[in-house]
Amino acid sequence: MLQGSNILGHERPMVIRLSFSTCVLATVCLPLLGLITCVFISSVFHFEDSTGTHCQVPNYLPSISASISLSPECHIWRFCIGLHSAPRLLVAFTYFRLYKTRFASKVAETTLSCLSLVFSLSENLGLLLLTYVSSSETYFVHKEGFVLFIISSLIYMLITCHLWKSIKKYSFSPEDAKSHHWKVRFLVLNVSFCVFAGFFYWKHNMYCESGSYTFFALFEYLVVFSNMSFHLTAVWDFKSREVMVISASEHKDF
């Protein structure tokens with residue numbers, strides 16, 4: 001929504017209002033659409049390059065790392081992640097302010113709130129690192145970025161679930177209870193998918209079985225989708241809030 005007017009020759013600053021839920025939805029949809037687009041292009045136009053491994057056995061799905069390292073896929077992915085990183089920081093600091101208000105007199109929860117912010121920023125940093133340094137360029141840096149992203153996201157989700165358990169305990173809002181319920185579900189799914197992805201990655205490297213890398217890629221997608229779903233629960237947490245952008249008006253006296 002845009003607001004602005006001119007009263008008696010004095011121009012009011014323009015105000016842009018945006019539902020916080022819309023901001024969260026757009027932030028999550030950017031990497032989601034980017035990933036789907038990259039996987040589709042890799043599967044259709046670069047199938048051999050994106051599914052080939054050192055084992056030289058048949059595979060039917062490209063891994064995420066392979067999908068985002070080719071061109072034009074890498075440019076699409078970098079554009080989506082770069083565009084979504086700033087709103088994601090906004091969401092992280094908004095959560096931190098919410099926790100400070102809710103747990104002003106509780107030392108343990110206040111400490112966890114700070115850790116939640118740290119690991120949220122660390123998760124975003126890991127995502128940016130693995131995005132802008134592809135596996136085909138510098139594999140070690142890309143791998144470290146991926147590890148940082150996974151570990152940070154798991155710790156962040158664990159802390160968030162604990163904090164929302166405390167919020168639900170003293171809240172009468174059904175939205176808070178629903179948010180906690182789905183956060184726990186997505187955390188359990190994310191951990192399960194990580195375990196399966198790790199197992200098939202190990203199996204592929206150890207035995208070079210046909211199809212193992214395909215299952216690794218499939219569960220890798222599910223890890224990312226469950227992570228996105230977890231972050232999407234912010235729609236319930238900030239349902240009534242708005243993002244406001246106010247332009248500064250320049251006042252001149254003659």
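Partly exposed, as used here, means a relative accessible area between the buried range, under 20%, and the exposed range, over 50%. Arg102 comes in at 38%, so it counts as partly exposed. Keep in mind throughout that this is a predicted model.

## The overall layout

Let's start with the fold. The protein chain has 9 helices and 5 strands. Reading from the N terminus, the elements go β-β-β-β-α-α-α-α-α-α-α-α-α-β. Out of 254 residues in the protein chain, 42% count as buried.

## Two helices with a bend

Helix H1 covers residues 20-45. Its 26 residues reach 37 Å from the first C-alpha to the last, close to the 38 Å expected at 1.5 Å a residue. There is a bend of about 25° in H1 at Cys29, with a proline, Pro31, following within four residues.

Helix H4 (residues 73-102) has a bend too, of about 35° at Ser85, and here Pro87 is the proline that follows within four residues. How does the span of H4 compare with what its length predicts? With 30 residues at 1.5 Å each, H4 should span 44 Å, and its end C-alpha atoms are 42 Å apart, so the two values agree.

H4 also holds His75, which has a relative accessible area of 49% and is therefore partly exposed. The C-alpha of His75 is 9.4 Å from that of Tyr132, although the two residues are 57 apart along the chain.

## Salt bridges

The structure holds 6 salt bridges. Three of them are set out here.

| Pair | N to O distance |
|---|---|
| Arg102 and Asp176 | 3.7 Å |
| Lys178 and Glu175 | 4.0 Å |
| Lys203 and Glu209 | 3.3 Å |

Take Arg102 and Asp176, whose side chains meet at 3.7 Å. This pair links distant parts of the chain, with Arg102 in helix H4 and Asp176 in helix H7, 74 residues apart. Which partner is buried, and which is partly exposed? Asp176 has a relative accessible area of 7%, so it is buried, while Arg102 is partly exposed at 38%.

Lys178 and Glu175 make a more local story: both lie in helix H7, 3 residues apart, about one turn of the helix. Why does that spacing suit a pair? An α-helix has 3.6 residues a turn, so residues three or four places apart point the same way. Side chains of opposite charge can then pair when their charged atoms come close. Lys178 is partly exposed, with a relative accessible area of 33%, and Glu175 is partly exposed as well, at 21%. These two residues also belong to a network of salt bridges that takes in Lys239.

As for the Lys203 and Glu209 pair, Lys203 has 22% relative accessibility and counts as partly exposed. Glu209, at 34%, is partly exposed too.

## A nonpolar patch and a buried serine

Phe199, Trp202, Met206 and Tyr207 make a nonpolar surface patch of about 450 Å². Trp202 sits in helix H7, which runs over residues 174-207. At 42% relative accessibility, Trp202 counts as partly exposed.

Ser152, in helix H6 (residues 139-170), is another matter. With a relative accessibility of 2%, Ser152 counts as buried. What does the side chain of Ser152 contact? There is a polar contact with the side chain of Ser122, at 2.7 Å.

## Backbone oddities in the loops

A few loop residues deserve a look. Ser71 and Pro72 are joined by a cis peptide bond, with omega about 15°. Pro72 is in the loop between helix H3 (64-67) and H4.

Gln56 has a positive phi of about 55°, although it is not a glycine. The loop that holds Gln56 lies between helix H2 (47-51) and H3. At 73% relative accessibility, Gln56 counts as exposed.

Cys208 has a positive phi as well, near 50°, and is likewise a residue other than glycine. Cys208 is found in the loop between H7 and helix H8 (212-232), and its 27% relative accessibility makes it partly exposed.

Definitions and conventions:
Residues are numbered from 1 along each chain as its sequence is written. This is a predicted model: local features need pLDDT of at least 70, side-chain atom pairs count only at pLDDT 80 or more; totals for chains, interfaces and linings use all residues. Side-chain values use heavy atoms; hydrogens and water are left out. Patches are made of residues with over 30% relative accessible area and no salt bridge: like charges are joined within 9 Å, nonpolar side chains (Val, Leu, Ile, Met, Phe, Trp, Tyr) within 5 Å. Accessible areas come from the Shrake-Rupley method with a 1.4 Å probe; for residues, only the protein chains shown count as cover. Helices (H or I, at least four residues) and strands (E, at least two) are DSSP runs, numbered from the N terminus. Buried means under 20% relative accessible area, exposed over 50%, partly exposed in between (1.4 Å probe, protein chains only). The expected span of a helix is 1.5 Å times one less than its number of residues. The bend at a residue is the angle between axes fitted to the seven residues ending there and the seven starting there. A polar contact is a pair of N or O atoms within 3.5 Å; within protein, one must be able to donate a hydrogen and the other to accept it, and residues adjacent in sequence count only if both atoms are side-chain atoms.
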